[in-house]
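Hi,

Here is the structure I promised to pass on to you. Have a look at it first, and then read my notes underneath.

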Amino acid sequence: MRGNVMTDAQRIAFETNGFLVIPEALTAGELREVRAAAGRAEQAWRADSKRAGIRADTLEEVIAPIEYDDVLLRLLWHPRVFPLVRAAIGDDVMMIDNSYYMTPPHTAKTHADWHHDVGLRGVYHPMSILMVKVFYLLSDVELNSGGTAMIPGSHRLPMDFQFPHVDDPKQMPGISQMTGKAGTAYMFNGRVYHAAVNNESDHVRRVLIYNYGHLWMRHWPGYEPSQRLLDEARASGDPVRMQLLGLGHAYSSYLRN
Ligand SMILES: O=C(O)CCC(=O)C(=O)O
């Protein structure tokens, strides 16, 4: 693994809290381009109800935005964010799933109550990182915008740790809410206990999500890359692009540069 990609402050934040905020991860120009691409994806998705996704009052999800537009595909290996993910996961990093979430205004309840994304029941191994998820904010997110809330340090707790039950996600003790301007990114260890708070604002909350794990894992069911994306990745000859889409030997491939 390449060293010194994270600053000391980033490394300490990620190890102790389990998450890291990357302000201005997208430049103004990138944000414009990504928003336009996400808008095109949303339009195509809305025009065809057979396209995979969630169409609910609490959440609209375009499944696999990387299939819709190369701008959204290339965010998988964004030059300021992907090196941080690779530093956290290791050189066998692979994409697990990817989504475009649109949380409607004034949701009656959250689309995602408190949970871990990953963890091995019966195995307490707090130093291992199985998944890292990156969120890119495409809209400004404030405390009441339906954003992610996390419990700092909860990735170190065993899977059977008893968190209190709360009716409103914001009532969970000790939470830290992810807020920021559009263009901000944050990444977190999938073992961190997290939720989305209710969107009490007048605005749709828009985020792109890229989830990463190891090449020996499987893509989340329903998020497997299409044959077209795999063929294009092979044709590109780009080892990062190929491995992120799952091409390589599960037990011996890894990125070398
Ligand atoms: O929408 C959010 O902020 C939370 C999403 C979530 O819980 C997840 O991706 O696992």
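Below is what I found, going from the whole chain down to single residues.

Before anything else, keep in mind that this is a predicted model.

**The chain as a whole**

The protein chain has 6 helices and 10 strands. Its radius of gyration is 18 Å, close to the 18 Å that the globule rule gives for 257 residues, so the chain is as compact as a globular protein of that length. Along the principal axes, the C-alpha atoms fill a box of roughly 50 × 45 × 35 Å. Buried residues account for 41% of the 257 residues. If you take the contacts between residues at least 6 apart in sequence, 85% of them join residues at least 24 apart.

**The core and helix α4**

The largest nonpolar core has 66 residues, and those with the most contacts inside it are L72, V85, V132, Y136, M187, L208 and Y212. Strand β4 gives this core its largest share, 7 residues. To pick out one of the well-connected ones: leaving aside residues up to four places away in sequence, L72 touches A37, A38, A41, P65, I66 and L208.

V85 takes us to helix α4, since V85 is one of the buried residues there. The helix spans residues 82-89, and 7 of its 8 residues are buried, so α4 is largely enclosed by the rest of the structure. The full buried set is F82, L84, V85, R86, A87, A88 and I89, so you will notice an arginine in it. What do these residues pack against? The partners are α1 (8-17), β1 (19-22), β4 (93-103), β5 (132-137), β8 (185-189) and β10 (205-214). Just after the helix comes G90, which has a positive phi, near 120 degrees.

**β4 and its partners**

β4 deserves a look of its own. The strand is mostly covered, with 11 of its 11 residues buried. On one hand it runs antiparallel to β10, joined by 10 bridges, and there N98 has Y210 as its bridge partner. It also runs antiparallel to β3, with 4 bridges between the two. In that pairing E60 is bridged to M102, and V62 stands opposite Y100.

β3 itself has two faces: E60 and V62 are on the covered one, whereas E61 and I63 are on the uncovered one. β3 also pairs with β2 (residues 53-55), in the antiparallel sense and over 3 bridges. A hairpin of 4 residues makes the connection from β2 to β3. E60 turns up here as well, as the bridge partner of R55.

**A separate look at β6, β7 and β9**

There is an open sheet of 3 strands, in the order β7-β6-β9 and with antiparallel pairing. β7 (176-177) and β9 (194-196) stand at the edges with a single partner strand each, so one side of each is left without a neighbour in the sheet. β6 (residues 148-150) and β9 are joined by 3 bridges, and A149 has A195 as its bridge partner in β9.

**Two positive phi values outside glycine**

Which residues other than glycine have a positive phi? A64 is one, with phi near 55 degrees, and H106 is another, at about 55 degrees. A64 lies in the loop between β3 (60-63) and α3 (70-74), and H106 in the loop between β4 and β5. Are they buried or exposed? A64 has 26 other C-beta atoms within 10 Å, which makes it buried. H106 has 12 C-beta neighbours inside 10 Å and therefore counts as exposed.

**Around the ligand**

Finally, the ligand. The residues around it are Y101, A112, D117, G147, T148, H194, A196 and I209. By type, this shell divides into 4 nonpolar, 3 polar and 1 charged. Two of the strands above come back here: T148 falls in the range of β6 (residues 148-150), and β9 (194-196) takes in H194 and A196.

If you go through it on screen, I would start with α4 and its surroundings, then follow β4 outwards, and leave the ligand for last.

Cheers

Notes. Residues are numbered from 1 along each chain as its sequence is written. This is a predicted model: local features need pLDDT of at least 70, side-chain atom pairs count only at pLDDT 80 or more; totals for chains, interfaces and linings use all residues. A residue is near a molecule or strand if its C-beta atom, placed from the backbone, lies within 6 Å of it. Ala, Val, Leu, Ile, Met, Phe, Trp, Tyr, Cys and Pro count as nonpolar, Asp, Glu, Lys and Arg as charged, and the others, Gly among them, as polar. Two strands pair if DSSP finds at least two bridges between them. The radius of gyration is taken over C-alpha atoms; the globule rule is 2.2 Å times the number of residues to the power 0.38. A residue is buried if 20 or more other C-beta atoms lie within 10 Å of its own, exposed if 12 or fewer, and partly exposed in between; C-beta atoms are placed from the backbone. Two residues are in contact if their C-beta atoms, placed from the backbone, lie within 7 Å. A nonpolar core is a set of buried Ala, Val, Leu, Ile, Met, Phe, Trp, Tyr and Cys residues joined through C-beta atoms within 7 Å.
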